Amino acid sequence: MLSINSQNGYSVARCFLLWSLMPLITAKGNDVESPTKILDADKPPSESQLDLRDVVFVIQSQRNSFHVRQAEKLRKDLLLQTQALQEHGDHPLRVKILSSQFGKNSSWIMFLEEDTRVKLQKLHEVLKKFDRRKEWFLGKPLHDEESTIIHHYAFSENPAAFQYPDFSAGWALSIPLVNRLTSKIEEEPLKSDFTIDLKHEVALYIWEDGKGPRLTGVPELCTIPEHNPRAQYCATTVSSQSPLCGQPVKSDNIFVAVKTCKKFHSDRVPVVKKTWGKQASLLEYYSDYADLSIPTINLGVPNTERGHCGKTFAILRRFLSSHVPNTDWLLIVDDDTLISLPRLQALLSCYDFSEPVCLGERYGYGLGQGGYSYITGGGGMVFSREAVVQLLASGCKCYSNDAPDDMVLGMCLNALRVPVTHSPLFHQARPEDYAKEFLAHQTPISFHKHWNIDPIAVFNKWLKNDKHTEGLQKSTKDEL
């Protein structure tokens, strides 16, 4: 059975299993009912038999048109594989699209990302190894090398002791575990304010301080490219390391706004100029002090220690004014953001600038209680011109200059019903704050923070032009 879960994709379980498990049983389109009895997992299944009728595939997608198309491609690929297996008589398949219920005899839910690729026959062989009457949480394990802010410094004494799944490889839950978790959610409403790294938070919720199962690593769930020779041993792979959907967006069609302040003019701004700033055709620095040597522009908004909402909204207004060239895309970054503009140009080839696009690393706030998603500012916030037009036309504004700009924008976009689109290639933190295996299959676009690192060395190692972006950046930078 196949399903595309398009309820904001990564935002799906930002409020966690409340959105990512319960809709599997009760959702049709974007309507979510209140589930009662979930599945009948008490029927005694055969320990040795499993066919693909027992597996529900959930493709976690997003509302943006590019992501809808990607999810549909994966769905069609899975259907073609099932048809081929049926024709060869390899499996007694009964594939149908998820509607209000997916059947009482299912044994597994398999979660897939849009770029996950699946070999159904190999996956069938893998799942047969596990007793489906027991609680199982399966995936490709990741672990932290050191305690990290994105995981709230969990397991600080031994970060490597806790494993969580790499969603790109796919991950699976047995139905007995799904039933128990759903009952738990119904009885104990989720209380977490912030959702930062869903895959880690999912694993913590399932583990439940030792009361639930830990992640079981499955070697056949892989994140190597699907055409890699080693992929023959894998049940899952990834489709591509570097998104490119056509001609990259030209550098002079992206206006870059760097937020800074006087106290960082001498240390952070030079890093921008020595690294990624050279890649920009249109770039302005916005500060609380006009320094002609950089140059910076004073937007008339006093500097604040945190938040910067007043400055960000002034940038949005300036972007639509006659003071800057008319471009389709706006990128807003901090002065300690490290970013590859050629890689961003390639990624933006996948998006339609005529749509309201808000792109970056997505966080969530209060999602279990009807909250909202937002693009976290440190990794870079990308807006199509249409998104900026709709934001400002709505009358949305800061409640104070030092309000958190990314969260205020998230509230506004939520009110407008404009989707916030997540890309795992943007990073709010440093490379050291992410699992090595997680970054190994990425071509990252950005990182954030200079704390305890050499930012120029980090840029050269992780973000400098490479084979993925050669030839994308030909023009020279013209600072306005």
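The questions and answers below go through a predicted model of this protein.

User: What average pLDDT does the protein have, and which stretches have a pLDDT below 50?

Analyst: In this predicted model, 81% of the residues score at least 70, and the protein averages a pLDDT of 84. Over residues 91-100 the pLDDT is below 50, although that stretch has 29 contacts in the model beyond near neighbours in sequence. Residues 471-480 also have a pLDDT below 50, with 34 such contacts. Where pLDDT is low, the predicted coordinates should not be read in detail. The average is thus 84, and the stretches are residues 91-100 and residues 471-480.

User: How many helices and strands does the protein have, and what percentage of its residues is buried?

Analyst: Among contacts between residues at least 6 apart in sequence, 76% join residues at least 24 apart. The secondary structure comes to 13 helices and 26 strands, and of the 480 residues in the protein the buried part is 57%.

User: Why is helix α6 described as largely enclosed by the rest of the structure?

Analyst: Helix α6 covers residues 198-207, and its buried residues include the charged-side-chain positions Lys199 and Glu201 as well as Leu198, Val202, Ile206 and Trp207. Helix α6 is largely enclosed because the number of its residues that are buried is 9 of the 10.

User: Which residue follows α6, and is that residue buried or exposed?

Analyst: The residue after α6 has a positive phi, near 55°, and this is a residue other than glycine. It lies in the loop between α6 and β12 (216-217). With a relative accessible area of 19%, which is under the 20% cut-off, it counts as buried. The residue is Glu208, and it is buried.

User: How many residues does the largest nonpolar core have, and which element gives the largest share of it?

Analyst: Phe137, Val256, Trp276, Leu331, Leu348 and Tyr351 are the residues with the most contacts inside the largest nonpolar core. A second, separate core of 27 residues includes Ile332, Ile375, Ala403 and Cys412. The largest core has 69 residues, and its largest share, 6 residues, comes from α6.

User: Which residues is Val256 in contact with, leaving aside its neighbours within four places in sequence?

Analyst: Val256 is among the residues with the most contacts inside the largest nonpolar core. Two of its partners, Trp276 and Leu331, are also listed among those residues. The full set of partners is Trp276, Ala280, Leu282, Leu283, Glu284, Leu331 and Leu341.

User: What is the relative accessible area of Leu359, and which residues does Leu359 touch?

Analyst: Leu359 has its place in strand β20 (residues 358-360), and its C-alpha atom is separated by 9.5 Å from that of Leu331, 28 residues apart along the chain. Leu359 is buried, with a relative accessible area of 0%. Not counting residues up to four places away in sequence, Leu359 touches Leu347, Leu348, Tyr351, Ile375, Gly380, Met381, Val382, Thr421, His422, Ser423 and Phe426.

User: At what angle do helix α8 and helix α10 pack, and which residues make the contact?

Analyst: Helix α8 (residues 309-319) and helix α10 (residues 385-393) have their axes 10 Å apart and pack at an angle of about 115°, and α8 passes α10 in a left-handed crossing. The residues of this contact divide into 5 nonpolar, no polar and 2 charged. The angle is about 115°, and the contact is made by Phe313, Leu316, Arg317 and Phe319 of α8 with Arg385, Val388 and Leu392 of α10.

User: Which peptide bond is cis, from which residue to which?

Analyst: The proline concerned has its place in the loop between β16 (282-287) and β17 (296-298). The omega of the bond is near -10°. The cis bond runs from Ile294 to Pro295.

User: Is Asn452 buried or exposed?

Analyst: Asn452 is found in the loop between β25 (446-448) and α13 (455-462), and its phi is near 60°, a positive value in a residue other than glycine. Its relative accessibility is 63%, and because this is over the 50% cut-off, Asn452 counts as exposed.

User: How many Å apart in space are Asn460 and Thr275?

Analyst: Asn460 lies in helix α13 and is partly exposed, with a relative accessible area of 39%. Asn460 and Thr275 are 185 residues apart in sequence, and from C-alpha to C-alpha their separation in space is 8.0 Å.

Note on methods: Residues numbered from 1 in each chain as written. Predicted model: local features only at pLDDT ≥ 70, side-chain atom pairs only at ≥ 80, totals over all residues. Heavy atoms only, no water. Buried < 20%, exposed > 50% of the residue type's maximum accessible area, 1.4 Å probe, protein only. Helix = DSSP H or I, 4+ residues; strand = E, 2+ residues; numbered from the N terminus. pLDDT = per-residue confidence, 0-100. Contact = heavy atoms within 4.5 Å. Axes fitted to C-alpha atoms, helices over the stretch in contact; angles between N-to-C directions. Left-handed = near helix turned anticlockwise from the far one by under 90°. Core = buried A, V, L, I, M, F, W, Y, C linked by side-chain atoms within 4.5 Å.
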